[in-house]
Structure formats: structure tokens, C-alpha cells
Amino acid sequence: MNNAVLYEKCNSLQKRDALLCLEEYSSKLKWKKNNNNILDIGCGDGSVTNMLKKYIPTDFKLLGCDISEKMVNFANDHHCNEQTSFTVLDIESDLPEGMKGKFDHVFSFYALHWIINQERAFKNIYNLLSEDGECFMIFLAGAPVFDVYRVLARNNKWSKWLQNVDRYVSPYHDSKEPEKEVKKMLEKIGFVDYDVQCKNSVYVYEDLHVLRRAFTAVNPFKIPEDKFDDYMSDYLEILKEMQIMAKFNNNYETNVQFRYRLLVIYARKPASQDKLLQELNKRD
Ligand SMILES: C[S@@+](CC[C@H](N)C(=O)[O-])C[C@H]1O[C@@H](n2cnc3c(N)ncnc32)[C@H](O)[C@@H]1O
Ligand SMILES: CC(C)=CCC/C(C)=C/CC/C(C)=C/C(=O)O
């Protein structure tokens with residue numbers, strides 16, 4: 001997904017959930033009196049990064065990062081100022097030395113379900129954090145859109161463009177207890193005070209035009225332009241087969257309920273004295 005202009009117009013689901021979760025969790029976040037260094041991972045067009053500022057009560061520097069140079073350039077063009085900037089970073093790759101241990105807070109909204117190597121990404125988040133630093137992330141555990149990808153990938157008409165489809169399915173989509181898996185990983189990496197929730201959520205797309213644009217904005221597959229309408233028609237047919245859409249409804253003005261599971265994660269990197277206690281507890 002590289003189309004920042006389209007994504008900025010179609011990220012109402014992602015924005016709504018970022019706002020709802022920040023409202024719910026903002027009282028849990030601990031801020032330094034000044035010089036809070038903050039990172040937003042998978043910032044996309046930067047509009048949610050920009051929204052985040054409303055929840056930072058004191059002086060801060062905010063860096064958004066994304067694997068997509070197109071997204072980063074769009075975010076810098078639209079949201080860069082003396083406190084906020086954006087840079088290219090793949091959270092699954094090696095970290096620049098200068099970023100390690102530098103951030104008091106790391107956020108991520110609707111990005112980590114795009115990551116296959118979860119442990120690598122979460123270890124990177126741990127290493128990005130300063131001592132006593134905290135992270136707050138929301139991303140999809142499971143969603144019908146991933147089942148749609150798998151059905152399309154089995155269709156000979158689309159299999160050529162949907163190879164390795166599970167590369168774009170959330171790593172927790174088939175998990176019965178994603179929060180358990182995440183907690184185990186956080187503990188293994190060394191996070192403390194973690195709170196992991198998997199929330200059953202629903203979002204209503206008011207009509208199929210809106211749904212189509214939202215689906216297109218996050219579509220990771222390189223479908224040829226002259227085939228995209230046919231691809232979308234097959235996508236909508238699958239929604240009917242999955243009974244997410246009414247079977248005989250060809251009315252584009254119909255709304256569609258998107259039911260999904262959202263992981264909401266808070267965790268803290270222990271300060272050195274905590275680490276000592278952790279070690280002593282392990283020995284007992
Ligand atoms: C659905 S968008 C979310 C954007 C924004 N956080 C929001 O809530 O609207 C997911 C973003 O994660 C980025 N992303 C995917 N894999 C990434 C990786 N390995 N490292 C950094 N960003 C990544 C994508 O390029 C995309 O911009
Ligand atoms: C009913 C149905 C399957 C709707 C799909 C809605 C949609 C496009 C959800 C976004 C899924 C996603 C991968 C979001 C993201 O990465 O931000």
C-alpha cells in the first residue's frame with residue numbers, strides 16, 4: 001500500500017480506533033515534564049500521527065516512521081513542523097544505532113499486523129525505548145478481509161497476483177487466543193506492566209463505494225489496473241458468499257458491517273533497577 005492520497009481519504013476506520021483507544025488508555029501513559037521523545041511506527045500518511053499530538057500533555061519531539069518512502073514524503077509534505085517529522089524505517093529490519101534507546105514513548109496504529117516477524121519487530125520496539133519507556137500499539141488480530149484475500153488467492157483468475165497471500169494476513173488471524181501469544185512474546189523480550197486486550201469490534205461502511213475505496217487503499221496486491229473492477233466485483237461476491245453482505249443485494253447504496261478483532265497493547269521497558277529485581281525474581 002503506497003497510495004498516500006487515497007489512504008488519507010479512506011482511513012476513517014483506522015482513525016476512529018486510534019482515537020477510541022487513545023481516549024481509553026491516555027490516563028495510563030506517563031509523560032516526562034519536557035523533552036518527551038516519541039515515535040509512531042507505520043505512520044502512513046501522517047494524519048493519525050498528527051492526531052496523536054492531542055494526547056501529549058507536555059513538551060515533545062514526534063517522529064513518524066514508515067517502510068514506504070511515498071507515505072513518508074506525503075506525511076512530511078503535510079504534517080512536518082518544528083516538533084514533528086517523518087522518516088523511512090522498516091521495523092522488521094536492523095535499527096539505526098542512533099535510534100536505539102532514544103524514545104520515551106513508541107506508538108503504532110494499524111501497522112503491526114503487516115509484520116510477519118512479530119518477535120523481531122517487538123524486540124526492535126524494546127530496543128528503541130529508553131529505560132522506563134512505554135509503548136502503545138493497536139493492530140488487527142483477525143478480520144474477514146484476510147479470509148477474502150485467501151479465497152481470491154485460490155481463484156485461478158487471481159492466483160498469479162496473490163501469491164504468498166499469507167504474507168498479508170495478520171499473524172494472529174488463525175489464533176484462538178492472540179492476547180496469550182502476545183503476552184508470552186512480551187514477557188520473553190523483557191517488557192513489564194503489559195496490558196494486552198483483544199477487542200471484538202465492528203465498523204459500518206455506509207455504502208459500497210466507501211468500502212471499495214477503503215479496500216483499495218490497503219490492498220497490498222499489484223492487480224493490473226484493467227482488471228481491478230473485475231477484482232472488486234469478485235471481492236464483493238465473496239462478501240455475499242461469506243454472508244457479510246446481503247446475497248441478492250446489488251444496491252451499491254447498501255451499508256456493510258465489518259466485524260474484526262483488534263489487539264490493543266500497552267507495555268513498558270523496565271528501568272535498570274527493575275531489571276535487577278526481574279533477575280532476582282527469576283532466581284527465586
Ligand atoms: C494501514 S496503514 C496505518 C497508517 C496509520 N498508522 C494509520 O493508523 O492510519 C499501515 C502502515 O504500516 C506501514 N508498514 C507496513 N509494514 C511496515 C514495516 N515493516 N515497517 C514500517 N512500516 C510498515 C505501511 O507502509 C502503512 O503505511
Ligand atoms: C467487510 C469487509 C471485509 C471489509 C473490509 C474493510 C477493510 C478495507 C478493512 C481494512 C483492513 C486492513 C488490512 C486495514 C489496515 O491495514 O489498516
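## Ligand 2 and its polar partners

In this predicted model, a polar side-chain atom of His113 sits 2.7 Å from an oxygen atom of ligand 2. Two more pairs are worth a look: a polar side-chain atom of Gln14 is 2.8 Å from an oxygen atom of ligand 2, and an N or O atom in the side chain of Trp114 also lies 2.8 Å from an oxygen atom of the ligand. A polar contact here is a pair of N or O atoms within 3.5 Å. The protein buries 99% of the 480 Å² that ligand 2 exposes when taken alone; areas come from the Shrake-Rupley method with a 1.4 Å probe.

## The shell around ligand 2

Which residues are closest to ligand 2? They are Gln14, Tyr110, His113, Trp114 and Tyr235, out of 17 that surround the ligand, where a residue is near if one of its heavy atoms lies within 4 Å. By class, the shell has 15 nonpolar residues, two polar and no charged. Nonpolar covers Ala, Val, Leu, Ile, Met, Phe, Trp, Tyr, Cys and Pro; Asp, Glu, Lys and Arg are charged, and the others, Gly among them, are polar.

Helix 8 (208-218) gives two or more residues, as do helix 6 (144-154), helix 9 (228-241) and strand 7 (256-268). Helix 8 has the largest share, with four residues. Helices (H or I, at least four residues) and strands (E, at least two) are DSSP runs, numbered from the N terminus.

## Helix 9

The buried residues of helix 9 include Phe228, Tyr231, Tyr235 and Leu239; buried means under 20% relative accessible area (1.4 Å probe, protein chains only). The buried residues of this helix pack against helix 6 and helix 8, with contact meaning heavy atoms within 4.5 Å.

At 1.5 Å a residue, the 14 residues of helix 9 should span 20 Å, and the end C-alpha atoms are indeed 20 Å apart, so the two agree. The expected span is 1.5 Å times one less than the number of residues. Just after the helix, Gln243 takes a positive phi of about 60 degrees.

## Ligand 1

Over at ligand 1, 20 residues surround the molecule, with Tyr7, Gly42, Asp66, Asp90 and Phe109 the closest. The shell splits into 13 nonpolar, five polar and two charged residues.

A polar side-chain atom of Tyr7 is 2.6 Å from an oxygen atom of ligand 1. An N or O atom in the side chain of Asp90 lies 2.8 Å from a nitrogen atom of the ligand, while Ile91 brings a backbone N or O atom 3.1 Å from a nitrogen atom. The protein covers 97% of the 600 Å² of accessible area that ligand 1 has on its own.

## Ground rules

Residues are numbered from 1 along each chain as its sequence is written, and chains are lettered from A and ligands numbered from 1 in the order in which they are written. In this predicted model, local features need pLDDT of at least 70 and side-chain atom pairs count only at pLDDT 80 or more, while totals for chains, interfaces and linings use all residues; side-chain values use heavy atoms, leaving out hydrogens and water.

Technical notes:
A polar contact is a pair of N or O atoms within 3.5 Å; within protein, one must be able to donate a hydrogen and the other to accept it, and residues adjacent in sequence count only if both atoms are side-chain atoms. Buried means under 20% relative accessible area, exposed over 50%, partly exposed in between (1.4 Å probe, protein chains only).
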